[in-house]
Amino acid sequence: MDDDAIKQNEERINGLLESLARVAGGDFSVRYKLTGHNDQIEALGLGLNMLVEEIEAKFSELERLNKIFVDREVTMHELKQKNKELEAQVAALKEHNTAK
């Protein structure tokens, strides 16, 4: 392997490492730019892209479920508050009826 090929492979590997670091930092929009080489570095890049797509999909699903759960908790809080208000109204009506 000549010096140019070695330098090119080093740049490609550094690109993979940069992509991995960004993914580790939470950037799931990262995609390794495939070069068209039919080698192990290209296979790693393709694998990274597939992995990131899967992580991105799972993360989106978690965000969707989290929103559902948060909305549910808000609704439960509102219902509990309304229930307290209704209980107070019922108690006031009972007190009013027994006072007659």
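**Exercise 1. Aromatic pairing**

Task: Find how many aromatic pairs the structure holds, and describe the geometry.

Solution.
- Step 1. The structure, a predicted model, holds one aromatic pair.
- Step 2. The partners are Phe28 and Phe59. Their ring centres lie 5.3 Å apart, and the planes meet at 55°.
- Step 3. Planes under 30 degrees apart count as stacked and those over 60 as edge-to-face, so the rest are tilted. At 55°, the pair of Phe28 and Phe59 is tilted.
- Step 4. Now place the partners. Phe28 sits in the loop between helix 1 and helix 2, while Phe59 belongs to helix 2. They are 31 residues apart, and the pair links distant parts of the chain.

**Exercise 2. Burial of the two rings**

Task: Decide for Phe28 and for Phe59 whether the residue is buried or partly exposed.

Solution.
- Step 1. The cut-off for buried is under 20% relative accessible area; exposed means over 50%.
- Step 2. Phe28 has 17%, so Phe28 is buried.
- Step 3. Phe59 has 39% relative accessibility, so Phe59 counts as partly exposed.

**Exercise 3. The largest nonpolar core**

Task: List the residues of the largest nonpolar core and say which element gives the most.

Solution.
- Step 1. The core has eight residues: Leu16, Val23, Phe28, Val30, Tyr32, Ile41, Leu48 and Val52.
- Step 2. Two elements give two or more residues each: helix 1 (3–24) and helix 2 (40–99).
- Step 3. Helix 2 gives the most, with three residues.
- Step 4. Take Leu16 as one of the core members. Beyond its neighbours within four places in sequence, Leu16 touches Tyr32, Ile41, Leu44, Gly45 and Leu48.

**Exercise 4. Two buried residues of helix 2**

Task: State which residues Gly45 and Asn49 contact, leaving aside neighbours within four places in sequence.

Solution.
- Step 1. Gly45 lies in helix 2. Its relative accessibility is 0%, so Gly45 counts as buried.
- Step 2. Gly45 contacts Leu16, Tyr32 and Leu34. Gly45 and Leu16 are 29 residues apart in sequence, with their C-alpha atoms 6.5 Å apart in space.
- Step 3. Asn49 is also found in helix 2. At 9% relative accessibility, Asn49 counts as buried.
- Step 4. Asn49 contacts Arg31, Tyr32 and Leu34.

**Exercise 5. A nonpolar patch**

Task: Name the residues that form a nonpolar patch on the surface, and give their accessible area together.

Solution.
- Step 1. The patch is made of Ile13, Leu17 and Leu20.
- Step 2. Together they have about 270 Å² of accessible area.
- Step 3. Leu17, one of these residues, lies in helix 1.

How values were computed:
Residues are numbered from 1 along each chain as its sequence is written. This is a predicted model: local features need pLDDT of at least 70, side-chain atom pairs count only at pLDDT 80 or more; totals for chains, interfaces and linings use all residues. Side-chain values use heavy atoms; hydrogens and water are left out. A nonpolar core is a set of buried Ala, Val, Leu, Ile, Met, Phe, Trp, Tyr and Cys residues joined through side-chain atoms within 4.5 Å. Buried means under 20% relative accessible area, exposed over 50%, partly exposed in between (1.4 Å probe, protein chains only). Helices (H or I, at least four residues) and strands (E, at least two) are DSSP runs, numbered from the N terminus. Contact means heavy atoms within 4.5 Å. Rings of Phe, Tyr and Trp (its six-membered ring) pair if their centres lie within 6.5 Å; planes under 30 degrees apart count as stacked, over 60 as edge-to-face and the rest as tilted. Patches are made of residues with over 30% relative accessible area and no salt bridge: like charges are joined within 9 Å, nonpolar side chains (Val, Leu, Ile, Met, Phe, Trp, Tyr) within 5 Å. Accessible areas come from the Shrake-Rupley method with a 1.4 Å probe; for residues, only the protein chains shown count as cover. A salt bridge is a side-chain nitrogen of Lys or Arg within 4 Å of a carboxyl oxygen of Asp or Glu.
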